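Hi,

Here's the structure I promised you. Have a look at it first, and then read my notes below.

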Amino acid sequence: MTSAITEGVRVSVLTQYQPEYSSPMQAHFVFTYRITIENHSEHTVQLLRRHWFIHDSNGTVREVEGEGVVGQQPVLEPGEVHEYVSGCNLRTSMGKMGGTYLMERVMDGKQFRVTIPEFTMIAPYRLN
């Protein structure tokens, strides 16, 4: 698991290869990732946007930006946790992702970026 803390907001990531949805012969590799967002700050915060950089091991980089996460813009009170699972398709058996969330403090509207720590996605057979 990979984690980072920005302004009291901790983001942790755990990845898993999905062999049943992957097709290595067609250069199609599917990974899921579980994101855990923990609000350790003193303020209620809302996740507004996400901004990802997705790297295949062949040098291809994709950028993904949009509102919320999996259709939600969760609000986290101090001490609350939000988890979600999403997925990523790669053209190679190894890659990495990382980025930021745009968050807003509810009480005063102050916006800030929270680091999504860079994490690797590796098909298990590559580790042998």
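Before anything else, keep in mind that this is a predicted model.

Let's start with the sheet. Four strands make up an open sheet, in the order E1-E2-E3-E7, and they pair in an antiparallel way. Which strands stand at the edges? Those are E1 and strand E7 (81-90): each has a single partner strand, so one side of each has no neighbour in the sheet. On average, neighbouring strands here are turned by 20° against each other, if you ignore direction. In general, strands of a sheet pair through backbone hydrogen bonds, and they can be parallel or antiparallel.

If you want one pair to trace on screen, try E2 and strand E3 (residues 29-39): they run antiparallel and are joined by nine bridges. One contact to look for is Arg10, whose bridge partner in E3 is Glu38.

Now for two backbone oddities. Most residues other than glycine have a negative phi. Glu7, though, has a positive phi, near 50°. You'll find Glu7 in the loop that links strand E1 (2-6) and strand E2 (9-17). Is Glu7 buried, partly exposed or exposed? Its relative accessibility is 45%, so Glu7 counts as partly exposed, a class that runs from 20% to 50%.

Val70 is the other one to check: its phi is positive too, near 40°. Val70 lies in the loop between strand E5 (61-67) and strand E6 (75-76). With a relative accessible area of 48%, Val70 is also partly exposed.

Have fun exploring!

Conventions: Residues numbered from 1 in each chain as written. Predicted model: local features only at pLDDT ≥ 70, side-chain atom pairs only at ≥ 80, totals over all residues. Heavy atoms only, no water. Helix = DSSP H or I, 4+ residues; strand = E, 2+ residues; numbered from the N terminus. Buried < 20%, exposed > 50% of the residue type's maximum accessible area, 1.4 Å probe, protein only. Pairing = 2+ DSSP bridges. Axes fitted to C-alpha atoms, helices over the stretch in contact; angles between N-to-C directions.
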